[in-house]
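Got your viewer open? Load the model below and keep the selection box handy.

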Amino acid sequence: MHKIALFIFIGLEFSVLQGLYAQPSKASDKQVNALLAKMTLDEKVGQLNQYTGDRAATGPLSKSADKLEEIKKGHVGSMLNVRGAKDTRMVQEVAMQSRLKIPLIFGLDVIHGYRVTFPVPLAEASSWDMEAIELSARTAATEAAASGLHWTFAPMVDIFRDPRWGRVMEGAGEDPYLGSLIAKARVKGFQGKGLGNTDAVMACAKHFAAYGAAIGGRDYNAVDMSDRQLWETYLPPFKAAVDAGVATFMNSFNELNGIPATGNSYLQRNILKGKWNFQGFVVSDWSSIGEMIAHGFVENKYEAARVALTAGNDMDMESRAYTENLVQLVNDGKVPVKLVDDAVRRILRKKFELGLFDDPFRFCDEQREQAVLNSPESKKAARMVAAKSIVLLKNEKQLLPLSKSVKNIAIIGPVAKSKNDMKGAWSVYWDGKDDKDLVSLYDGIKNKVGNDVSLSYAKGCGIKDTSRNGFAEAVAVAQKADVVIMAVGESADMTGESKSKTNIHIPGVQEDLVKAIQATGKPVVVLLMAGRPTIFNWIADNVPAILYTWWLGSEAGNAMADVLFGDYNPAGKLTMSFPRSEGQIPVYYSYKNTGRPVIKEKEILYKSAYTDSPNTPRFAFGYGLSYTTFEYSNLKLSKAAIHNNETLIASFTLTNSGKYKGEEVVQLYLRDMVASVTRPVKELKDFIKISLEPGESKTLSFTIDKEKLSFYNQRMKRTTEPGRFELMIGSASNDIRLNSGFELVD
Ligand code: GLC
């Protein structure tokens, strides 16, 4: 007899509850439908239209319209690139003059911090620290929401394996498992305790989908891949964002297998709104609806609007295709009004959830903005996240951390005193007038050593130019020092959107400058600053101590000094493989074995290899050193074989065998040795980040379950197959310390 659980629904009139909420309740469809019923078709289409503010275009500016007039007429649902409690209030006041007084939502690219800038996302990902990554997004959201913003166009959750693509700085790297965890952490950070809180903003998973696989790493280029590759590698972080409750999605500029993402109903309707049951709304990327004409996918904007809305694109960012054509399309019977209604519902629901119908100005409080922005706590958080993002690539003879006995430090290189570059790309707050808040490497070291150590400086050369005129002065400065700290790399404007490059070597003559300084015989530490993996083989081969410090944000210099002087022991691990040359791209750790694998590096005849380069990257996925060392021992598996519905425990001992307290990111990789679809030589399936005192040991364990053994079979069904699995535990994808294996039996 089935026990029938009795659920008693206490039906309270929703509107009775409404006023009782300190923050607005989840909007009922009743409210949304009631409003929708009052709207004209013209006003409905207005909700689907988003314009940019004129302050900072983040895309090609189309013809201007009298935007405030349009807002007054109810022809605009959202604005991007309008920020600040004062400016957003002014524009919202115009929206309140419209017939139905539907509030606008204000969106901005708050990608890695708002007023206080955090490390670029690819740097943050190198921390493998989900709490730190969530804190970064949480801090950014708190500041942005205090500045009149309701929505950030982040996290960018694209997977990518091509560092020629300038947008790698915005994401989490090459691995879908890690990328999914980071997507979840960032969504949670941005949305906090939920929409409606005045320290939460809507997150936006972008760019849906597979934008990171642009052919040749050339931005906006076509993407062509198998369904298996799409589902196994590029979709998981988007699904993780949906599972984390992300409020919005943004589609992408690229075509996928011949169909532009913006007009791709397989992506937006079948997968996102169908299979994944996504209830939020989809915004196009900047003018991407209109760009389907250039793609050769539609004849004109009338068709572009029809195709985009039909395919599931709800809001039109800056192409004007919707505002110019949708009313006509409905009247022509080309677009059923129910599709318009669905898109409008999705947008209105978010506006209710944000509490904007209760109070359209609840995010526009100038006093709160003043109190929240640029707080000491936010700077402290930025400094901590920045230190965690630094990757120690080399440390011969334990040159680092610098000894406190050092009395004379030369700081040399074109980025050593740069403040502006510390922001990286997509640092949207800055008007250039507040650079005093940014801490350069030189500032950070000065702050650290005070007057106890004498600092000398020479720029040595430019970032991009080829003049060597500054070398002599730099050499002279180096010769007088006990140790030389060099800062080389890219300028912040060399990565980001539309910054693809065929040459990702350190630009200009910077590597020659390092050679000249190295030739003095002084101990040299090189800090590499960039938003992408770069190529620096001479430095990698010859310089004893190397830190990859990315673009670390407002507190960059202080964080670098914390690491240089040992106040923070670096624990960062790369989340993207660094190639030896551009010719090697794409190079990534989860490659296929092929029928002719290279067994011994030198034996390459008739093997899948190059005649002029090893297959291995210069620095591998998951690689990063510490000032201490870790020993792995005692691997035990709970079983030699498991069934599908069982789990297996792999336990082992980790010991801090060095003399510094330090954190290790222990990585678990699996390989399915034989399957009906070939499997990669290894796949990251779990990791543990743990801190150990010198000499401390800890027994740790990983649980392996069916999900970790699953893959898409030939019929694209997610499944497992019996057979042998190789289990690898290590400090990097190319530094496996413990090996074992087990059987999956039917
Ligand atoms: C840009 C970017 C997108 C960004 C949007 C708004 O072109 O592709 O990531 O969110 O436009 O600035």
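What follows is a walk from one selection to the next.

This is a predicted model, in which local features need pLDDT of at least 70, side-chain atom pairs count only at pLDDT 80 or more, and totals for chains, interfaces and linings use all residues. Residues are numbered from 1 along each chain as its sequence is written, and side-chain values use heavy atoms, with hydrogens and water left out.

**Stop one: Asp175**

Select Asp175, in the loop between β4 (151-152) and α8 (176-191); helices (H or I, at least four residues) and strands (E, at least two) are DSSP runs, numbered from the N terminus. Asp175 is buried yet has no salt bridge. Buried means under 20% relative accessible area, exposed over 50%, and partly exposed in between (1.4 Å probe, protein chains only). A salt bridge is a side-chain nitrogen of Lys or Arg within 4 Å of a carboxyl oxygen of Asp or Glu. The nearest side chain of opposite charge is Arg161, 5.7 Å away; Lys and Arg count as positive and Asp and Glu as negative, while His and the chain ends are not counted.

So what does the side chain of Asp175 reach? Show the backbone nitrogen of Leu178, at 2.8 Å. Not counting residues up to four places away in sequence, Asp175 touches Ile159, Tyr589, Phe621 and Leu684, where contact means heavy atoms within 4.5 Å.

Now click on Arg161: its charged end sits over the ring of Tyr588, 4.3 Å from the ring centre. The test for that is NZ of Lys or CZ of Arg within 6 Å of the ring centre and within 35 degrees of the ring normal.

**Stop two: the rings**

The structure holds 30 aromatic pairs. Rings of Phe, Tyr and Trp (its six-membered ring) pair if their centres lie within 6.5 Å; planes under 30 degrees apart count as stacked, over 60 as edge-to-face and the rest as tilted. Pick Phe208 and Phe238, an edge-to-face pair at 5.0 Å centre to centre with 65° between the planes. Phe208 lies in strand β5 (residues 204-208) and Phe238 in helix α10 (residues 236-243), so the pair ties together parts 30 residues apart in sequence. Both Phe208 and Phe238 are buried. Widen the selection to see the cluster that ring pairs build from Phe208, Trp231, Phe238, Phe249, Trp276, Phe278 and Tyr712.

**Stop three: Ser456**

Jump to strand β13 (residues 454-458), home of Ser456. Draw a C-alpha to C-alpha distance to Ile411: 6.1 Å in space, with the two positions 45 residues apart in sequence numbering. Leaving aside neighbours within four places in sequence, Ser456 is in contact with Asn408, Ile409, Ala410, Ile411, Tyr442 and Val477.

**Last stop: charged pairs**

How many salt bridges does the structure hold? There are 46. Try Glu303 and Arg306, whose side chains meet at 2.8 Å, N to O. Both lie in helix α12 (residues 301-311), 3 residues apart, about one turn of the helix. Glu303 is partly exposed at 21% relative accessibility, and Arg306 is partly exposed at 24%.

Next, select Glu707 and Arg718, a salt bridge at 3.3 Å, N to O. Glu707 lies in helix α22 (residues 706-709) and Arg718 in strand β24 (residues 718-719), so this pair ties together parts 11 residues apart in sequence.

Finish by selecting Asp129, Lys388, Glu663 and Lys689, which are linked in a network of salt bridges.

Note on methods. Polar contact = N/O pair within 3.5 Å; in protein donor to acceptor, adjacent residues only side chain to side chain.
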